[in-house]
Number of protein chains: 2
Amino acid sequence: MSSAHRRDAAATRAAILRAGVEAFTRYGFDGVGVREIAQSAGVSAMLVNRYFGSKEGLFAEVAEVSMTDRTVLGGDPATLARDIAAALVRRTSPTADDLSPFLLLLRSAANPRAAEILRENIERHVEAHVHEVAPDTRGTDRAAVVLAVIAGFWLLRKVIGSSALNGTDEKTLEATLRRLFETLIPPADG
Amino acid sequence: MSSAHRRDAAATRAAILRAGVEAFTRYGFDGVGVREIAQSAGVSAMLVNRYFGSKEGLFAEVAEVSMTDRTVLGGDPATLARDIAAALVRRTSPTADDLSPFLLLLRSAANPRAAEILRENIERHVEAHVHEVAPDTRGTDRAAVVLAVIAGFWLLRKVIGSSALNGTDEKTLEATLRRLFETLIPPADG
DNA sequence: TCCACAAGTCTACAGTCGTATACTTCGCTT
DNA sequence: AAGCGAAGTATACGACTGTAGACTTGTGGA
């Protein structure tokens, strides 16, 4: 937090939350301690517990903002393939990544409580964006399949860093994704 | 270890390795301690370090056997969709799962050293099975794409436990996978 | 039978973890 | 200007971590 306002509860809370998103996404729930998070927020460790109850409480809010802030499934279905391909190729910082909710999931899924919190958030997220990605009946399954394809590509590229898929350029990747999606999403009516 | 042989170095080592596969797959590298692993192998904690150098050393061997024992990409390309669909639907114990290498990855990817060990193993695994899943030139990318699709479906079904995809039965899942794979793998020559 | 060496265990250490309790410091209101 | 409540800090505790070192126990060969 900046030295502008020195005793601003809301700002301090926000700073801790931001530091939490960064840290949990980068190192996972078990990979980072509250002391570390508090330090990068510029406050003492105990403020985490004061504002969020516990480390777990902070994580729950982190999951919430991480899932809702980003647009993984949202957007125009027509340009979905291009958008996803661009997001996969784009080289940004790990936490500014458009797909960082996946990263948060992967890094924290080992912890049972964290996994439970994440599952609830993802369910709500898929539910909320069904109509955007597959605006027809029985669209839930199709949205889930699209999400699965995206998640799989992301897994190999960003997490495993597979050299095979990393050699693929954006145009090729987009074409592959488009072909995959076309088998799922009918071009017109239904 | 059983009480048949009481001072068998090879058997003890194997018992620890088996316990390591089970524990790391279930709880991840950071989610389980050497004491716990040793206990479920029926030995004292220090034997882990004696036989594998360190916890990290044990994990490296666990990754090795987990990746090579299972057949994720191996098998007949013609029946790949059916096999994967069956594996996804099949209800087995978490560690007896045919796709447990993915589980090992997901649970341990947060730890930088563990992730590095896993990456090397996966690279070798994809490389070794390229000819089986996509026996043509530039097959590496196609094998990786198939792996990505599998990984994505697995991620949503087994890890997140998405209610959407969990409602899908094996036949529907197989049909979806087949359609996806057919856009990648030409039915004949090339 | 005995003993050397491998197999296995016990104890302890230095570190980190989450967080509860007690404390200090600042800012706003009156 | 005073003081009260909120904002923030310091300290410490108990539990847990990986593993180094010294120890004991068992077994195969002489």
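## Overall fold of chain A

Within chain A, contacts between residues 24 or more positions apart make up 74% of those with a separation of 6 or more. The model is a predicted one. Its chain A has ten helices and zero strands, and the order of elements from the N terminus is α-α-α-α-α-α-α-α-α-α.

Chain A has 190 residues, and 49% of them count as buried. The accessible surface of this chain is about 8900 Å², with 50% of that area belonging to carbon and sulfur atoms.

## Nonpolar core

In soluble globular proteins, nonpolar side chains tend to be buried together. The largest nonpolar core here holds 102 residues, and the members that touch the most others are L177(A) and L177(B).

For L177(B), the partners beyond four places in sequence are A81(B), I84(B), A85(B), L88(B), V149(B) and F153(B).

## Surface near DNA strand C

There are 22 residues around DNA strand C, and those that come nearest are R7(A), K55(A), R7(B), S44(B) and Y51(B). Of the strand C atoms that come within 4 Å of the protein, 50% belong to sugar and phosphate.

Two arginines of chain B have polar side-chain atoms close to base nitrogens of DNA strand C: the distance is 2.4 Å for R7(B) and 3.3 Å for R35(B). From chain A, the side chain of N49(A) places an N or O atom 3.4 Å from a sugar or linking oxygen of DNA strand C. Two or more residues of the surface near this strand come from each of α2 (34–40) and α3 (46–52) of chain A, and α1 (9–27) and α3 (46–52) of chain B. The largest share, four residues, belongs to α3(B). By residue class, the surface near DNA strand C consists of eight nonpolar, five polar and nine charged residues.

## Surface near DNA strand D

Around DNA strand D there are 21 residues, of which R7(A), S44(A), Y51(A), R7(B) and K55(B) come nearest. Sugar and phosphate supply 48% of the strand D atoms that come within 4 Å of the protein.

The side chain of R7(A) has an N or O atom 2.3 Å from a base nitrogen of DNA strand D. Phosphate oxygens of DNA strand D are approached by a polar side-chain atom of T12(A), at 2.8 Å, and by a polar backbone atom of S44(A), at 2.7 Å. The elements that each supply at least two residues to the surface near this strand are α1 (9–27) and α3 of chain A, with α2 (34–41) and α3 of chain B. Here α3(A) gives the largest share, four residues. The residues of the surface near DNA strand D comprise eight nonpolar, five polar and eight charged.

## V32(A), a buried loop residue

V32(A) sits in the loop that lies between α1 and α2 of chain A. Its relative accessible area is 4%, so V32(A) is buried, the cut-off being under 20%.

Beyond four places in sequence, V32(A) is in contact with A23(A), F24(A), Y27(A), I37(A) and K55(A). One of these, K55(A), is also among the residues that come nearest to DNA strand C. The C-alpha atoms of V32(A) and G20(A) are 9.3 Å apart, with the two residues twelve apart in sequence.

## R107(A) and its contacts

R107(A) belongs to helix α6 (residues 100–108) of chain A. A polar atom of its side chain lies 2.9 Å from the backbone oxygen of R26(A).

Other than residues up to four places away in sequence, R107(A) touches F24(A), T25(A), R26(A), Y27(A), G28(A) and F29(A) in its own chain, and A109(B) and A110(B) in chain B. Of these, F24(A) and Y27(A) are also in contact with V32(A).

## S66(B), a buried serine

S66(B) lies in helix α4 (residues 55–69) of chain B. Its relative accessibility is 3%, so S66(B) counts as buried under the same 20% cut-off. Apart from neighbours within four places in sequence, the residues in contact with S66(B) are S100(B), P101(B) and L104(B).

Definitions and conventions: Residues are numbered from 1 along each chain as its sequence is written. Chains are lettered from A and ligands numbered from 1 in the order in which they are written. This is a predicted model: local features need pLDDT of at least 70, side-chain atom pairs count only at pLDDT 80 or more; totals for chains, interfaces and linings use all residues. Side-chain values use heavy atoms; hydrogens and water are left out. Buried means under 20% relative accessible area, exposed over 50%, partly exposed in between (1.4 Å probe, protein chains only). Contact means heavy atoms within 4.5 Å. Accessible areas come from the Shrake-Rupley method with a 1.4 Å probe; for residues, only the protein chains shown count as cover. A polar contact is a pair of N or O atoms within 3.5 Å; within protein, one must be able to donate a hydrogen and the other to accept it, and residues adjacent in sequence count only if both atoms are side-chain atoms. A nonpolar core is a set of buried Ala, Val, Leu, Ile, Met, Phe, Trp, Tyr and Cys residues joined through side-chain atoms within 4.5 Å. A residue is near a molecule or strand if one of its heavy atoms lies within 4 Å of it. Ala, Val, Leu, Ile, Met, Phe, Trp, Tyr, Cys and Pro count as nonpolar, Asp, Glu, Lys and Arg as charged, and the others, Gly among them, as polar.
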